[in-house]
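Open the model in your viewer and keep the selection tool at hand. The tour goes from one selection to the next and says what is found at each stop.

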Amino acid sequence: MALATISGKGISSIKGFTFIELMLVLVIITMLISIALPNYFSGLTRSKETVLKEDLKVMRKAIDLYHADKDSYPKQLDALVTNRYLHDIPEDPMTERSDTWVTSTPPDRSNTVYDVRSGSQGIATDGTNYSSW
């Protein structure tokens with residue numbers, strides 16, 4: 001911190017930061033932010049991927065339970081909610097919508113829900129497509 005004195009009828013001192021000191025503080029703050037932000041966004045992506053894996057696991061388990069109870073697969077995902085296998089259809093964390101889930105039919109090609117995948121076209125941190133999980 002710089003100390004400046006002004007002469008006049010009396011002597012007084014004014015304390016304050018110099019322009020160089022302020023610039024140095026801004027440079028340090030910028031460097032810290034540039035280190036922290038990539039880690040933050042990386043962590044955010046990893047947490048979304050974890051939620052996606054868990055949502056897929058829960059929905060697939062609900063489809064299996066539905067099939068075990070009713071001896072057929074649901075005609076659509078909403079049947080899992082209607083029949084109380086799920087509280088609601090979860091939001092796909094990658095698309096941030098609950099209507100983008102992609103369903104597949106069973107091997108017998110009946111028009112029912114056999115499996116569910118993310119509707120996202122993004123690529124995961126492990127290099128695979130979210131739609132292939």
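In which loop does D71 lie? Select D71 and look at both sides of it: this residue sits in the loop between α1 and α2. Keep in mind while you look around that this is a predicted model.

**Stop 1: two residues with positive phi**

Stay on D71 and check its backbone. Its phi is positive, about 60 degrees, although D71 is not a glycine. As background, most residues other than glycine have a negative phi. D71 counts as exposed because its relative accessible area is 64%, and exposed means over 50%.

Now select R84, in the loop between α2 and β3. R84 is another residue other than glycine with a positive phi, near 65 degrees. R84 is exposed too, with a relative accessible area of 76%.

**Stop 2: the whole chain**

Zoom out and colour by secondary structure. The chain has two helices and four strands. Followed along the sequence, they come in the pattern β-β-α-α-β-β. Of the 133 residues, 23% count as buried. The chain exposes about 9700 Å², and carbon and sulfur atoms supply 58% of that area. Among contacts with a separation of 6 or more, 41% are between residues 24 or more positions apart.

**Stop 3: the nonpolar core**

Select L52, I63, L77, L80, W101 and V116. These are the residues with the most contacts inside the largest nonpolar core, which has 19 residues. Two elements, α1 (19–70) and α2, give two or more residues to this core. Of the elements, α1 gives the most, with six residues.

Pick L80 alone and show what surrounds it. Which residues does L80 touch, not counting residues up to four places away in sequence? They are M59, A62, I63, Y66, P74, Y85 and L86. I63 is therefore worth a second look: L80 touches it, and both residues are on the list of those with the most contacts inside the core.

**Stop 4: a nonpolar patch on the surface**

Switch to a surface view and select F19, I20, M23, V25, L26, I29, I33, L37, Y40, F41 and L44. Together these residues make a nonpolar surface patch of about 1100 Å². Take L44 as one of them: L44 lies in helix α1 and is partly exposed, with a relative accessible area of 35%.

**Stop 5: salt bridges**

Go back to sticks for the charged side chains. Side chains of opposite charge can pair when their charged atoms come close. How many salt bridges does the structure hold? There are four.

Select E96 and K48. Their side chains meet in a salt bridge, with 3.3 Å from N to O. E96 lies in the loop between α2 and β3 and K48 in helix α1, so the pair ties together parts that are 48 residues apart in sequence. K48 is partly exposed, at 27% relative accessibility.

Next, select R97 and D99, whose side chains form a salt bridge at 2.7 Å, N to O. R97 is partly exposed, with a relative accessible area of 45%, while D99 counts as exposed at 53%.

Then select R117 and D115. The side chains of this pair meet in a salt bridge at 3.6 Å, N to O. Is D115 buried or exposed? At 15% relative accessibility, D115 counts as buried, because the cut-off for buried is under 20%. R117 is partly exposed, with a relative accessible area of 30%. Add R60 to the selection: R60, D115 and R117 are linked in a network of salt bridges.

**Stop 6: a buried charge without a partner**

The last selection is D92, in the loop between α2 (78–82) and β3 (102–104). D92 is buried yet has no salt bridge. Which side chain of opposite charge is nearest to D92? It is K48, 8.8 Å away. A salt bridge needs a nitrogen and a carboxyl oxygen within 4 Å, so that distance does not qualify. K48 has already appeared on this tour, in the salt bridge with E96.

Finally, show the surroundings of D92. Leaving aside neighbours within four places in sequence, D92 is in contact with L52, R97, S98, T100, W101, S118, G119 and S120. Among them, L52 and W101 also belong to the core residues selected at Stop 3.

Conventions. Residues numbered from 1 in each chain as written. Predicted model: local features only at pLDDT ≥ 70, side-chain atom pairs only at ≥ 80, totals over all residues. Heavy atoms only, no water. Buried < 20%, exposed > 50% of the residue type's maximum accessible area, 1.4 Å probe, protein only. Lys, Arg positive; Asp, Glu negative; His and termini not counted. Contact = heavy atoms within 4.5 Å. Core = buried A, V, L, I, M, F, W, Y, C linked by side-chain atoms within 4.5 Å. Patch = residues over 30% accessible without salt bridge, like charges linked within 9 Å, V, L, I, M, F, W, Y side chains within 5 Å. Areas by Shrake-Rupley, 256 points an atom, 1.4 Å probe, with all protein chains shown as cover.
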